Structure formats: structure tokens, C-alpha cells
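I opened this entry to keep track of what I looked up, one item at a time. The notes follow the order in which I checked things.

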Amino acid sequence: MVTALEAARSTLDDTRRMVRALAPAELVDRPLDKALQRILDTSSQLGLRTSFVVDGEPVPLPTSAAVALLRLGQGAVANVTTHAAATRVGVTLTFQPDSVSLDIVDDGRGFDPGESTPSATAGTGFGLRAMRSRLAEVGGTLVVESGPGTGTAISAAIPIEGGTR
């Protein structure tokens, strides 16, 4: 029984890894920068002022890295529109020779990232944990800077093995 349970868990873990590695529809026939711009275009239609900057020369990324950054961007912008009461959000995608990073900054109400129990208006708190977990799977890191009334800045960085150029 224990062996069967361990085998089932291992198979489930393998399946989850494969599903995460598949390119989502947003990245089919579209590079990461275009997919992120599309997210912001949708948010601007909801009244949020958006800006998007690509710094460095865009290069093809490993699927796992592109998916992690796309999902982070989707989650962060969704948090801005749902919880932050922000009027502006800025996104910067930066390509460096050995890494790629995504920075998202808003002018919303902010929150205390160190608070262990999110308030009822702040959401479930699962979003940041999921972002960190997804980035950790590809060797990336997440830094969150925020405070009540100060807006929020989220910075994700993923190393690119052997460089991108």
C-alpha cells in the first residue's frame, strides 16, 4: 500500500511538471513580451493606466521560464486590478545575458508582505506563495516590496543557463 501511494505521488508530481512545461495558449505563436502586452491591454480597457517597457534585446526563453514569468505577470496584474485600488501599473521585462527579469509596480493601497494572515480585503495570500513556488521551480527568485498606502513592487528574476546570447 505504501509503495503504491509513493508511486501515485511520484506520477502526480511528474504530471504536474509536464503540464507546467507546456506552453499556455498566450505563448503559442507569440513571444513573452507580446503576451505580457496583451495582459496590460486588457487591464487598460478596465480603466487602469498601464505602461510596458522591454529592456534589452528580447530572445527566445526556455518554455518553463516564459511560462513562469507569464503566470507571474497574470497573477500580479490580476492582484492589482482586484485588490490594490491602483490607478497605474508599470511592467518592465528585462533581458540580460544571463537572466531575465519581470518587474511590476503599482500605485495602489499596498499591504504588509510580512503579515502572516492576510486581511479580508487583501485576498487569500496564496498568490505570492504560488508565484514564489513557480519561480523556485525554474531557479528564480521573487522580491516583494510594499507597505500600507505605498503601492507594491514585485520583482522576479530567472537565471538563463549558459546565457541567452
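I looked up R88 and found a relative accessibility of 44%, so R88 counts as partly exposed. The model I am reading is a predicted one. I then checked what the side chain of R88 meets, and it is D107, in a salt bridge with an N to O distance of 3.9 Å. I noted that this pair links distant parts of the chain, with R88 in strand β2 and D107 in the loop between β3 and α4 (126-137), 19 residues apart. D107 has a relative accessible area of 31%, so I wrote it down as partly exposed too. How many salt bridges does the structure hold? I counted 1.

**D106**

Next I went to D106, which lies in strand β3 (residues 99-106). I found D106 to be buried, yet without a salt bridge. Which side chain of opposite charge is nearest to D106? It is R109, and I read 8.8 Å for the distance. A salt bridge needs the nitrogen and the oxygen within 4 Å, so such a pair does not qualify. What the side chain of D106 does reach is the backbone nitrogen of G108, at 2.7 Å. Not counting residues up to four places away in sequence, I listed the residues D106 touches: V80, A84, A86, R88, V89, G151 and T152.

**The sheet**

I traced the strands next. There are 5 of them in an open sheet, in the order β1-β2-β3-β5-β4, and the pairing is mixed. The edge strands are β1 (49-55) and β4 (141-146), and each of these pairs on one side only. From one strand to the next I noted an average twist of 10°.

I followed β3 to its partner β5 (residues 152-159): the two run antiparallel and are joined by 8 bridges. In this pair, S99 stands opposite P159. β4 and β5 are also antiparallel, and I noted 6 bridges between them. Here V144 stands opposite I154 of β5. β4 and β5 form a hairpin with 5 residues between them, and in the turn G149 has a positive phi of about 80°.

**Helices over the sheet**

I checked which helices lie across the strands. Helix α2 (residues 32-45) lies across β1, β2 and β3, and runs at about 170° to β1. α3 lies across β2, β3, β4 and β5, and I read its angle to β3 as about 5°.

**A153**

I picked A153, which is found in strand β5. Is A153 buried or partly exposed? Its relative accessibility is 23%, so I entered partly exposed. Leaving aside neighbours within four places in sequence, A153 is in contact with I104, V105, V143, V144 and E145. I also took the distance from A153 to D107: they are 46 residues apart in sequence and 9.0 Å apart in space, C-alpha to C-alpha.

**A85**

My last item was A85, in the loop between α3 (63-84) and β2 (88-96). I noted a positive phi of about 55° for A85, although it is not a glycine. I wrote this down because most residues other than glycine have a negative phi. A85 has a relative accessible area of 57%, so I entered A85 as exposed.

How values were computed:
Residues are numbered from 1 along each chain as its sequence is written. This is a predicted model: local features need pLDDT of at least 70, side-chain atom pairs count only at pLDDT 80 or more; totals for chains, interfaces and linings use all residues. Side-chain values use heavy atoms; hydrogens and water are left out. Helices (H or I, at least four residues) and strands (E, at least two) are DSSP runs, numbered from the N terminus. Buried means under 20% relative accessible area, exposed over 50%, partly exposed in between (1.4 Å probe, protein chains only). Lys and Arg count as positive and Asp and Glu as negative; His and the chain ends are not counted. A polar contact is a pair of N or O atoms within 3.5 Å; within protein, one must be able to donate a hydrogen and the other to accept it, and residues adjacent in sequence count only if both atoms are side-chain atoms. Contact means heavy atoms within 4.5 Å. Two strands pair if DSSP finds at least two bridges between them. Axes are lines fitted to C-alpha atoms, for helices over the stretch in contact, and angles run from 0 to 180 degrees between N-to-C directions.
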